[in-house]
Amino acid sequence: MVTFCISLALLVLGYLFYGRFVEKVFGVDEKRQTPATTMADGVDYVPMKPWKLFLIQFLNIAGVGPICGAIMGAQFGTASYLWIVFGCIFGGAVHDYLSGMISLRNNGCSLPETHGTYLGNGVKQFMRGFMVLLMILVGVVFVNTPAQLLQTQFTPNMSVYIWVVIILLYYLVATLLPIDKVIGRIYPVFGFLLMGMAVAIVVAFAIYRPEIPEIWSGLQNRHPQAATNPIFPMMFISIACGAVSGFHATQSTLVARCMTNERQGRHIFYGAMIVEGIVALIWAAAAAYFYHSDAALQSKSGPAMVGHIANTWFPVVIAVITILGVISAAVTSGDTALRSARLIVADFMHLEQKSIKKRLWIAIPLFAVTGGLLVFSLAAPSGFQVIWQYFSWANQLLAAFTLWAVTVYLRRNKEKPYYWIALIPALFMTMVTVSFVFVSPTFLGAFLPRTVGYILAAVVTVGTVCWFFHKEGRKGMKNEE
């Protein structure tokens, strides 16, 4: 419990001090007009209150990531605490804040446009397709999980496909309607519910006083398949939304289009990430206790452990509310993911989105592909595991690209060399995602010795940073001329 309390305090201190430092590096301008006022269209550019935007951002980026992802990360042991705390403060919150603020400064532009401006047109074109695919995968994961939870926990005699259809229909409505009609009205309620679940677990800590593993007990790998799941990079891929997640930057652009003052950025972007880190830490600590105390539980998946924790510690009513909260968290990230996909396609095709007909032209093909992948994820024996693995890796790869774009922005636009606040996490995430390709059995790890995989990943990472300094150095020389 001591490690948990220290970790919790570090996250709060990270927001209070490092968050202010990052804000100072960016340099907010309170007098600068925002796209919510200069480009208001009543659909996506809609001025909203800061507290609502914070809750919307928090719920959009959370989903089941800081819950199921943190639980799966806890299988690796107490090392998960370190990644959640330091990854969140120095990686995820920096990533979310700067990507959101850059979008705010550029008329609420979608993430591929940011990539194109700072990493080149080729990267922009690649990321447009890549991000639409990622948003579809997010939609698939965040339909599959709540549909199965609803079916197994509440309607065991009803086909899971009925819940899939119901959730998809809701997604379609939320994707098409103006952002303030559904998302702006009900998401703040779900945001409070998600935080309430975390508070309930903390209360359970106080009542039951579980022996949560301490970090000084050892950082050894406790994963049930440790031989094929080394902590690096597997744990860093598993815990995404609670530490660093590329998906967050896609959601930051949605909120950036509704902000009315740049000063709101630290509270909305950096703050929401810190709160998500706290939620992830709480769930990871709870899961670590159960995994450590009962070896039979070590093979349980994230959703299964949610049910086990809720049903073990809470009365029936609170357990039901907890499970419903997890379901709502998944649903409310899936619909905004598909909304982001619509906006990315609209930006690429230069299609205005005030017309419902033009929104449908984009939404219908997106939902058709999502439905096809959902059938595969539910019908194939290991369909969901395959989708989840590719989703997690793609998510972290997007974070690496975004951190590089942010690094370039800071190097070009700020006089002092503070771009290292993005460069260091960009390097780390590059090493994580490339290592996963060479080490994971899902990719080339099935054929390469692990040591060779790490060496190849290090070569790619070093090559990337050399390319960065070479490119930016030449650009600096041209500017001086």
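A cavity, in these legends, is a set of grid points where a 1.4 Å probe fits but cannot get out. The model shown is predicted.

**Close-up 1. The second largest cavity, between parts of α4 and α16.** Let's start with a space of about 50 Å³, the second largest cavity. Its lining is made by G65, G69, S238, A240, C241, W388, F391 and S392. Helices α4 (65-74) and α16 (383-413) each hand over at least two of these residues, and α16 gives the most, with three. Charged residues are missing here: the lining splits into four nonpolar and four polar ones.

**Close-up 2. The largest cavity, with α11 and α14 in its lining.** Now for the largest cavity, which holds about 60 Å³ of space. Around this space sit S110, L111, M131, T250, T253, L254, R257, S340, L343 and I344. At least two lining residues come from α11 (247-256), and at least two from α14. Sorted by class, the lining has five nonpolar residues, four polar and one charged. Cavities of 30 Å³ or more number two in this model.

**Close-up 3. The second largest pocket, with α14 in its lining.** Here we switch from cavities to a pocket, an open set of points. The second largest pocket takes in about 310 Å³ of space. A total of 19 residues line this pocket, and M39, Y45, R257, A346 and D347 lie nearest its centre. Helix α14 (residues 316-349) supplies the largest share of the lining, three residues. As for class, the pocket lining counts eight charged residues, six nonpolar and five polar. Keep an eye on R257: this residue lines the largest cavity and also lies among those nearest the centre of the second largest pocket.

Key: Residues are numbered from 1 along each chain as its sequence is written. This is a predicted model: local features need pLDDT of at least 70, side-chain atom pairs count only at pLDDT 80 or more; totals for chains, interfaces and linings use all residues. Side-chain values use heavy atoms; hydrogens and water are left out. On a 1 Å grid over the protein atoms alone, a cavity is a set of points where a 1.4 Å probe fits but cannot get out, and a pocket is an open set with protein on both sides within 12 Å along at least five of seven lines; lining residues have an atom within 4 Å of a point. Grid points are joined across faces, edges and corners, and a volume is the space filled by probe spheres set on the points. Helices (H or I, at least four residues) and strands (E, at least two) are DSSP runs, numbered from the N terminus. Ala, Val, Leu, Ile, Met, Phe, Trp, Tyr, Cys and Pro count as nonpolar, Asp, Glu, Lys and Arg as charged, and the others, Gly among them, as polar.
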